[in-house]
Every structure is written in C-alpha cells, then in structure tokens.
Amino acid sequence: MELRILLNILYRRRVILLFVFGLFLLLVGLITFLAPESYEATAKITIEKTDKMSTVMKGLGLEDVVLDTRVDDDVSLDTDIELLMIRPLMNQLIMDMNLRDTDGEYFDTDDFIDGGFKSKIKGTPSVTIKQYNETALVNIAATSTIPDQAAEIANRLARMYKDERISRTREDFREIKNKINISLSDIREKYYSILQTQKDFMLENSIVNLDSTITSLLGQIVSLENSRVEYHRDIEVLHKTIAASRSKLEKEEKMWESSSEVGQNSLVTELKQKSADLAAELAGLQITMTEKHPDHRSIVAQIDTITALIKKEPSLSTNKRQFTINPVYESLYQKISDNMVDLKGMLGKLETLETQLTEYRKRLLKLPVLQVKHSKLETEISVNSKIYAALLKYSIEIGLAESAAVAKIRIVEPATVPKQDNPAFPRSSVNMVLGIILGSFFAIGAALTVDYADGTVRESETLRTLSEKTHFGSLPYTPSLVMRPQLIFRSSANFTEQLRWIRDAVLFETENKHNKGKIFVVTSVSERAGASTVSAGFSRMLAERYGSTLLVDLNFRSPSVASLLKQRFHGTGSANVLHNNGMMTDDCLQDSPVEGLSVLVSGSSSDRTEQLLDSPALSSLFTTLRQQFRYIVVDTPSLAFYYDATLIAREADTVILVVKAADATEKTVTRSLERLRIIGDRPIGTVMNYEGYTQSVLTLPCSAIIFMSELLRQGKRKSKRS
C-alpha cells in the first residue's frame, strides 16, 4: 500500500522528478566532459606514538602541559593535520615551487589546501591531507593537471612536514629535558639541606642512634629505680639498727675508772684513722669520678659525719682519775657511729640517684618529640632520594624516547608520477554512475518534498470531501486552450464531452426551479482560475442543445468575455445597462460564433459600476433577461478578493464555483463556500478546472505569458479608469 502511494506521488510529480534528474545528470555530464583532466599523487607518512613521553610527563606531574606535537596524545594525528595546514609551511611550498594562478599571483593558502571540487573544475593545483583509517598513517594527496607537478608537490610537502614534525618533536623533548634538569637541581639542593638539618639535630640532642639511645636510657632508669628501692630498704634497716643500739647504749656505763692518769681517747683515735682512710679513698675517686657521682657524695658525707663526732669527743682525759671506757658501751657507740656514717652516705647516694632519675625521665619525655622530628627528617630524606633517583632515570629515558619518536616519523611511501592515461578527475563512467544515483536520489527527494509542501486541491475526490455541495464535473488541462482561450467555442471532443457532463449535471439541479429563463452564475475560488472559460463553454453547450442562451459578462474587475470572442463590439455593455437602471437598448446584445448564443459584454465600467450590483438595477436587468432568454450564464469576479459574485448570486438559480487544480488550498475553497452562504438555499456546485495539471517545464512559458498578459490588461484598465 505504501509503495503504491509512493509510486502515485512520483507519477503525479513526474515532471519535477524528470526535471531534477535531467538537470543533475546534465550538470554531471557538463562537468565530466568540460572539466580539465587532473592527476593525483599521494605520499604517505607514518607517525607512530610512543608511550615514553606520557610516562615521563606523568612522573613529573606535567600531564596538563600542552606540547606542540602531542606525540603521546590520542588526538595527535588530528593535531598533525592541523600542523600540515599552517600557513608558513604552505606559503613556503607555494613560493618554492612558484605556484601561480592565471592572473600571475601566488595561490592563496586556503584555496591551495583541500581545494576540493572547485579546484578540480578550475584545474588548479591543490593538496588534501587525510588520515588513513584512524591509524598512524597520513596521506598527502596533491592534485594538478601536470602529473610531474602533482608528484613533486606531494613529495616536497611530505619532506617539509617530516622536517617540521621532527623539529617540533625535538623542541618538545628539549623542553622536557630542561624541566627534568631544573627539577634535579631543586631536588639535589633540597636533599642536601635536609641532610644538614638532620646532622644538626643529632648533634644538638647528643644522639648517635635514636633507638639505641632510647634503649640505653630506659635501662638506666630501670637500674636507678632498683637502686633507689635498695637504698630505701637499707636506710630503713640502718634507722632500726641505730635506734636499737641507742636504746642499749643508754643502759650501759660509759666509763670505768681505772687510774688517775690522763690518757689518749682511743675512740677519737680510731675516728681520726677512719677519716684519714676515707680521705685517701676520696682522693683516689676524684681521678675517675665527678663530684655528682653517688660514691663520691657518700664518702664526703662519711667524712663530714666523722669530723662532727671527733669534735664532740675529748681527745685527752683531764681527770686525775683514770677511767676506762666500758667495752660494751664502746662497742655500741662504735656500731652507732658506723651506722650513722653509713646512713649519711646512703642518704647522699639516694639524693644523687633521685636527681639522676629525674633528669633521665625528662630526657625520656623529650624523646617522642625528637623521634617524630627524626622520623619526619628520615621520610623527607627517603622521598627526596627516591625522586632524585626517578629523575635520573627519566633523564636517561627521555633521551631514548626522543630517539624513538624521531625514528617513528618517516616517509613510508613517496609519491610517484601518475600515468598520463589515468587521470584522477574526471572519470566518465564513475561520474555518470554517481550522477544517475545521486540524480535519482535528489529527484525523488524533490518530488516528495514538493508533494508534501503542496496543500492545494488537485483532484475531484478532494473537492467532494470539502463540503456537501454538488460536484458538477471536471475539465481536463488543455495547453492549447490555455494559449488560445477563444478555442473554447470549437474545443476538442474530450473537452466538449466534459462540458456536456457539466451542463447536464447543472440542469438536473435546477430542473424544477423556474419555468422561465434560468440564471447560472459562474465564479471562481481564485483569480485566473478559468471562470470565464467555463462560462463560455457552458453557455456554448446550452446554446447548441436548447438555443436561446445569453452569456453575460458582469466581471467588471477583469472582463474577458469580449477577448474570448475576438470580435469588436460597438454597442453598449452590461455596465451601461446598470447605469440605465437595468433598461436595455437595441445595441446591447451581440452575436457569437455559436448559433443560438448571444453575448452581453461588460462595456465601459467606472468606480460606481460595482456599487450598482447592490441596487434594483441588477434585479431589473435579470427580470428583462429572463423574459427574453431560456438560459442566462453570468461571468463574475473571483470570490478571493471581491464581493461582487455574492451580490450577483442572490439573483441566480444556480451558482457554479470553479476551482483550478493545484491553485487553491482546501482552506481557500472552504472559505469561498462559506461566503456563498448568504444566497440561501439555491443550488451551489463545484467544477474542477485544469484537472491533471502539473507545473512542468513545458507549461512554464505558457503560464508566464498568461500572467504577463493579465498584468498588462489590468494596467490598461487602471489607466482607462484614471
């Protein structure tokens, strides 16, 4: 079903289809046989990508830096094509090869690059750059009417591009090398600075190895804690021993009288001897120990205690009686003295130990902060060391990458001189096949587009569906009648037969209306729709069968009945009759080429004539005509712009609305039928004129002549009225 509709549309638009197809085919033929022969030579360059550049760029954090060649980018070849199109390179090629146009001027770069179809038609050299199937292969195709010149252009441009591409690639690598060297210098300075900071930190905090220092310090603290516990235990024991000895000493007699002589006190002598021994020991310790050492402080405390005891005891006996110290008392006193000395020494050691323990704890509390700082310095040293090693590696790799990238830019296939008998353009067989294919495509597209955009009424079936009014019939499109309208009075058999169908249909609608003369008003939906031709043909058919028929021209806007008869009328016309209040004179009616058919032409009209259509003069005229003729056919102006036909139709028995095929839209037809609603219940019918009409090349001159003649007639009428 859809195919049949499509074929129907193409058949209806066959003129447009053939015209567009023929025009396109003619254009292709002219280009094929008139265009100069041009030859094409192609040079191929490969630009393979390398991953070294992207690796180095990412390692340096420079992935956002845009380079000239982008040898590692996915769109590198697109950039290469842009590189090929830069003006300096093209201008240099044009200047080197002295490429000039017909005026002797150097070719413009924009016209020279990818000149396309225009350059082939003109026969001027051009260059086209294409990527081969999205690979690393780039084609440089040169076109010229001279085969040697085409090959030379392609090869020279390929060499220029290769040199330019290598130069830009080296420039990119040189830029990266500079960045690597700058980064190496910065990292080296930063690395040495961090090493110096770490050295100063170790010296400032007297640290050789932080872990061993922490272990040693913890060991010393534990040892001091243990020593402090032992000292506290020994001091407590000494306190208990001294207390017990003192309790026993109080119970014993100190002295026993043995003689009256004065003698040396043995206790003082022993204390002095012990003090001398301690002094000798202290002198020996001063060589290896400081004054803050616990042993040194203990000995000093013992010496001080002995000195205090010697001061309390008398060295000689001053009594005349000789007393002897109680051995038990002396033993207890000696024990208490020794214990006091030991206690004093232990207290001194304990004080020194507490001081050392406090200092060690303070140092231990500082160690976490120092450890964090030390770890940070170690991390920075490690990171900078790795970065420095990576930069050294990149420095080596970038040299290898540069060599690889330059090696991958090469001409893989130089252009060869094309054969003289094998031009690239034009190719007759290929061009004609493409012309037929593309011509058919554009022709079908144009036909479908015109048909889709055309909203006019073309067929009788469409006209019947627009309203409930009667469709009287259709008249075929006849080019000869369009060129010579006067042939309506002796038209072809087919056209005459269609007029008879219309006559019988109209008479059937008005069979029981009036016994006297019947008036048929003929109007049209649009101007130049053929209402006058239909009026003349319809009146001819009535006259040939029934006689006593009158054709009245009331189209004062554009009268044409007189021109159809090709006769000179010297009498008065319908305009004069209306000015005479509808009273006819003897010279009003004229004869026609058809027997039984009289004609009342429009006559000389004025601006007031149109106003008389809405006056009693029109009714008086029609009353007179009904008494004289059996059938009266009235030609009126179009309903598109004028109200005249509606006024005249009020006096008619039947109204015939002429619709020209492919001229009026459905909306225009509907609006015209609504305007005729004022005439009441009188029969209204439609006639399709020019059915089967298509605007073709053959009808264009005819339509143009008719249009121009109509404009001239309107101009003459306006000049006469003025």
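Select Leu434 to start: this residue sits in helix α13 (residues 428-453), where helices are DSSP runs of H or I with at least four residues, strands are runs of E with at least two, and both are numbered from the N terminus. Leu434 counts as partly exposed because its relative accessibility is 43%; buried means under 20% relative accessible area, exposed means over 50%, and partly exposed lies in between, with a 1.4 Å probe and protein chains only.

Before you go on, note that this is a predicted model, in which local features need pLDDT of at least 70 and side-chain atom pairs count only at pLDDT 80 or more, while totals for chains, interfaces and linings use all residues. Residues are numbered from 1 along each chain as its sequence is written, and side-chain values use heavy atoms, with hydrogens and water left out.

**Around helix α13**

Now add Val430, Val433, Ile437, Leu438, Phe441 and Phe442 to Leu434, and you have a nonpolar surface patch of about 650 Å². Patch residues have over 30% relative accessible area and no salt bridge; nonpolar side chains (Val, Leu, Ile, Met, Phe, Trp, Tyr) are joined within 5 Å, and like charges within 9 Å. The areas come from the Shrake-Rupley method with a 1.4 Å probe, and for residues only the protein chains shown count as cover.

Asn431 is also in helix α13, but Asn431 counts as buried, at 15% relative accessibility. Draw a distance from its C-alpha atom to that of Val28: the two are separated by 6.8 Å, although their positions lie 403 residues apart along the chain.

**Salt bridges**

How many salt bridges are there? The count comes to 12, taking a salt bridge as a side-chain nitrogen of Lys or Arg within 4 Å of a carboxyl oxygen of Asp or Glu.

Show Glu164 and Arg168, whose side chains meet in a salt bridge at 2.9 Å, N to O. They are separated by about one helical turn because they are four residues apart in helix α8 (residues 147-204). Glu164 is partly exposed, with 25% relative accessible area, and Arg168 is partly exposed at 23%.

Next, pick Asp504 and Arg545, a salt bridge of 3.4 Å, N to O. This pair links distant parts of the chain, 41 residues apart: Asp504 belongs to helix α16 (residues 493-509) and Arg545 to helix α17 (residues 531-546). Add Arg503 to the selection, and you see a network of salt bridges linking Arg503, Asp504 and Arg545. Asp504 is partly exposed, at 34%.

Move on to Asp644 and Arg557, where the closest N and O atoms of the salt bridge are 2.9 Å apart. Here, too, distant parts of the chain are linked, 87 residues apart: Asp644 is in helix α21 (residues 644-649), and Arg557 is in the loop between β9 (549-553) and α18 (561-565). Is Asp644 buried or exposed? Asp644 is buried, with a relative accessible area of 3%, whereas Arg557 is partly exposed at 26%.

**The cavity**

Finally, select Leu639, Ala640, Thr668, Arg671, Ser672 and Arg675, which line the largest cavity. About 30 Å³ of space lies in this cavity, and a search of the whole structure finds one cavity of 30 Å³ or more. On a 1 Å grid over the protein atoms alone, a cavity is a set of points where a 1.4 Å probe fits but cannot get out, and lining residues have an atom within 4 Å of a point. Grid points are joined across faces, edges and corners, and the volume is the space filled by probe spheres set on them.

Methods:
1 Å grid on protein atoms, 1.4 Å probe; cavity = no way out; pocket = protein on both sides within 12 Å on 5 of 7 lines; lining within 4 Å.
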